[in-house]
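Colleague: Could you take a close look at one part of this model with me, the paired aromatic rings and their burial? After that, I'd like to see how the surrounding elements fit together.

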Amino acid sequence: MQSTRRSKTFAAGLTCAALMIFSADPMLAAPSASWTACLQPDRADDSAACAPRAAASNKLRYEQTAARRSKRAPKAAQQPQATPQAKAKGPPPRAEFTQAQQAAAVIPGIPDARFWADSEEPYRRVLGQLNGPWLALSAGGEDSAFGAGLLTGLSETGRRPNYSVVTGVSSGALLAPFAFLGSDRDPDLKRDFTAISAADVFEDRRTVDSLLDTWPLREFIAKRITPQLLVDIAAEHRRGRRLIVVTTDLDSGRPLAWNMGAIAAAGGDAALKLFREILVATSAIPGLFPPVPIEVEANGRRFSELHADGGLAATIYIAPDSTLLATSSPRLPASQVTLILNSKLMTEFAMTDRNLVGVLGRSLSIGVKRASRSAAILIAAAARRSGTDFNVAYVDQGFDFPSRGLFDPEYMKKLFEAGRQQGRSDEPFRHAMPEATPPQAAAPQRQPTAD
């Protein structure tokens, strides 16, 4: 019993921590005692200590997932209680392949489906001639409601351009197809990022390579990525625009950029399946969510790669890192670069609880925010050297609406509206990155001592 409780505690802690990676909400970044008291392995559950909002949220999530699971398959015949449950079988072993074979690998039937996101030559071949405004959507989890609201507000004022390139990473990739298709798809943005709940993302059940099962996310994506959506994306691709989504290839440890318009233009069931799988993969937090196998072919031999969260390699994507460095001679192709960071720019002060959830969640949140800010600083500098207009938007440090749990619809509605109002404002974007340490986050000054 004790080991079971510890296993559940570990899974719950990692779940909360990993999903907080992409959250700007300080209530999630530093869990309260009332939340973490429910996760102590050495004590009985204390209903008085567990926050009612968390209990209600979890109860609703489990009811929703249980109901949806019952619809996915017929009920199994009732077995005697004494019969041991058969152990779940793992996936078949992958065929072995070498680094050289992977370097030559392509998607069968769609040779232009992807390129290494950290390599300049294929980047220039696919995107190097595309002038005009570019849009990059960052990772952010539930905070991607901000980006959805911002784009909606820009549409309402008639100031949203027809971006020639749209890129998305992790949850930003779930925004990207609808952002790519323009203002007509704003209702989809609002629906998807104000009504989604934890039950639409994962079930608290282990798989062979993850602590949680993401079949609900697969269903969520399948309902929204329809054959007609791919027809519309393919039409824009043929007009010369590009939609790019980044995943992390776990075998090579490198980011892969997927040319989603080329995949859509290929047409057919295989292209639709691949498009959806890429969106699942770019959101797959390693260890928490299962990685996604994607079949490729090299010199007539087929094998499967494993892909995971694009945020591991890049939380936002405009160009390979080598192109962004001060020593780089190539210029950015874009005439304008717009970054939407789906988080606050700075980590706020908060006392960190000394438990798994508090320490791990806080550490990961700090790391990802700093990575996003550093990437944005590099992109801003590269834009300045290239003579490219630079825009950046991010969640205001003053936004303080509390979240009642992971993917809380009320929190997301408030954040969507905050983004929408910013999009409608006279100055929806900054044109340079702010100072690294704003006054409210500055280190305390030494107090003068008396003589």
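Modeller: Happy to! Let's begin with Phe 399 and Tyr 411, both of which are buried (under 20% relative accessible area, with exposed meaning over 50% and partly exposed in between; 1.4 Å probe, protein chains only). A word on the model: it is predicted, so local features need pLDDT of at least 70 and side-chain atom pairs count only at pLDDT 80 or more, while totals for chains, interfaces and linings use all residues. Residues are numbered from 1 along each chain as its sequence is written, and side-chain values use heavy atoms, leaving out hydrogens and water.

Searching the whole structure turns up 3 aromatic pairs (ring centres of Phe, Tyr or Trp, the last by its six-membered ring, within 6.5 Å; planes under 30 degrees apart are stacked, over 60 edge-to-face, the rest tilted). One of them joins Phe 97 and Phe 303, stacked with their centres 4.3 Å apart and 20° between the planes. This pair links distant parts of the chain, 206 residues apart: Phe 97 is in the loop between α4 (52-72) and α5 (99-103), and Phe 303 is in strand β7 (residues 301-308). (Helices are DSSP runs of H or I with at least four residues, strands are runs of E with at least two, and both are numbered from the N terminus.) The two rings also sit in unlike surroundings: Phe 97 counts as partly exposed because its relative accessibility is 22%, whereas Phe 303, with a relative accessible area of 3%, is buried.

Now back to where we began. Phe 399 and Tyr 411 form an edge-to-face pair, 5.9 Å centre to centre with 65° between the planes. Phe 399 lies in the loop between β9 (389-395) and α16 (409-424), and Tyr 411 is in helix α16, so this pair ties together parts that are 12 residues apart in sequence.

Helix α16 also leads us to a neighbour, α9. The buried residues of α9 pack against α7 (144-156), α8, α10 and α16. These buried residues are Asp 186, Asp 188, Leu 189, Asp 192, Phe 193 and Thr 194.

Take α8 as one of those partners. Helix α8 (residues 171-180) and helix α9 (residues 186-194) have axes 9 Å apart and pack at an angle of about 155° (axes are lines fitted to C-alpha atoms, for helices over the stretch in contact, and angles run from 0 to 180 degrees between N-to-C directions). That makes α8 roughly antiparallel to α9 (over 145 degrees; under 35 is roughly parallel, 65 to 115 roughly perpendicular and the rest oblique). From α8, the contact (heavy atoms within 4.5 Å) uses Ser 171, Leu 174, Leu 175 and Phe 178, and from α9 it uses Asp 188, Leu 189, Asp 192 and Phe 193. By class, the residues where α8 meets α9 are 5 nonpolar, 1 polar and 2 charged (Ala, Val, Leu, Ile, Met, Phe, Trp, Tyr, Cys and Pro are nonpolar; Asp, Glu, Lys and Arg charged; the others, Gly among them, polar).

Leading into α8 is Ser 170, in the loop between β3 (165-169) and α8. Ser 170 has a positive phi, near 55°, although it is not glycine. Most residues other than glycine have a negative phi. Asn 299, in the loop between β6 (292-298) and β7, likewise has a positive phi near 55°. As for burial, Ser 170 counts as buried because its relative accessibility is 3%, while Asn 299, at 77%, counts as exposed.

On the other side of α9, Ala 198 lies in the loop between α9 and α10. Ala 198 is buried, with a relative accessible area of 8%. Its C-alpha is 9.0 Å in space from that of Pro 216, and the two residues are 18 apart in sequence.

That brings us to α10 (residues 215-224), whose axis comes within 10 Å of the axis of helix α13 (residues 268-281), the two crossing at roughly 135°. α10 and α13 are therefore oblique to each other. Arg 218, Ile 221 and Ala 222 of α10 meet Arg 276, Glu 277, Leu 279 and Val 280 of α13. The contact of α10 with α13 has 4 nonpolar, no polar and 3 charged residues.

Finally, the wider view: the protein chain has 16 helices and 9 strands. Of its 451 residues, 52% are buried. Among contacts between residues at least 6 apart in sequence, 78% join residues at least 24 apart.
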